[in-house]
Amino acid sequence: MIKLYDYLESGNGYKARLILTLLGLPFERIELDIVQGATRTPEFLKINPNGRIPTVVLDDGRVLAESNAILWYFAEGTRFLPADRFERAQVLQWLCFEQYSHEPNIATVRFWVHIARDKEKPEQTADKRKLGIAALGVMESHLKGKTYFVGERYSIADIALYAYTHVAHEGGFDLAPYPAIRAWLDRVAREPGHIPITKG
Ligand SMILES: N[C@@H](CCC(=O)N[C@@H](CS)C(=O)NCC(=O)O)C(=O)O
């Protein structure tokens, strides 16, 4: 069975849980307490030298890390990743945006404010908050008049961006000024087979 090294509060872990669940693929979830350093033990570093969840071990023992690579691997050949060349590149565009402009700001501020207050770096919080708000602005202008990020269909671009946007309020991000984002969040949550972040 597929093994998923995970942490329930993690949006990156949630991306993996969500795609596996949507595809009906059984998996064993192994919870690692990232706050207590469980991803940095010699045993886990042998599995993923980068010391981070989510990390997946396939049935044949191969290991795959990085949430968006995991999304891509499982979505390949399914309705969650378009076949059209340009649309695939657009999905990749949003996955890169998520990892460069969105997650490092919105997820990090949420981590400091909501999960590990003692680890907060106050001098960085304000800068990251500004960059997170800028990322929300980009999403809002893209989503105006659209149902989903790419090709008017639910794809892993939506899953990747949903993960930390729907819990952004836990980091103190106010979504009131973003009606298109809020409508899209509701749409994603109504997708058949959807699970909340809290579902292990
Ligand atoms: N770019 C990676 C980021 C993974 C990541 O930062 N994981 C965090 C939890 S969300 C983690 O494992 N932190 C524990 C640590 O750094 O020791 C991805 O998208 O999977």
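1. In this predicted model, the buried residues of helix α3 pack against a mixed set of helices and strands, namely β1 (2–6), α1 (11–22), β3 (55–57), β4 (63–65), α4 and α6 (156–165).

2. The residues of α3 (67–75) that are buried are Ser67, Asn68, Ile70, Leu71, Phe74 and Ala75. Viewed down the axis of α3, these buried residues fall within an arc of 155°, and they therefore line one face of the helix. After α3 comes Gly77, a residue whose phi is positive, with a value near 80°.

3. Helix α4, one of the elements against which the buried residues of α3 pack, spans residues 85–115 and includes Glu87. The relative accessibility of Glu87 is 18%, and because the cut-off for buried is under 20%, Glu87 counts as buried. When residues up to four places away in sequence are not counted, Glu87 touches Pro82, Val150, Gly151 and Arg153. A colleague working on this site may ask which residues Glu87 touches beyond those up to four places away in sequence, and the list just given, Pro82, Val150, Gly151 and Arg153, is the answer.

4. Thr125 is placed in helix α5, which covers residues 122–143. With a relative accessibility of 8%, Thr125 also counts as buried, given that the cut-off is under 20%. Once its neighbours within four places in sequence are left aside, Thr125 is in contact with Val109, Trp112 and Glu120.

Note on methods: Residues are numbered from 1 along each chain as its sequence is written. This is a predicted model: local features need pLDDT of at least 70, side-chain atom pairs count only at pLDDT 80 or more; totals for chains, interfaces and linings use all residues. Side-chain values use heavy atoms; hydrogens and water are left out. Helices (H or I, at least four residues) and strands (E, at least two) are DSSP runs, numbered from the N terminus. Buried means under 20% relative accessible area, exposed over 50%, partly exposed in between (1.4 Å probe, protein chains only). Contact means heavy atoms within 4.5 Å. The arc is that of the directions from the helix axis to the C-beta atoms.
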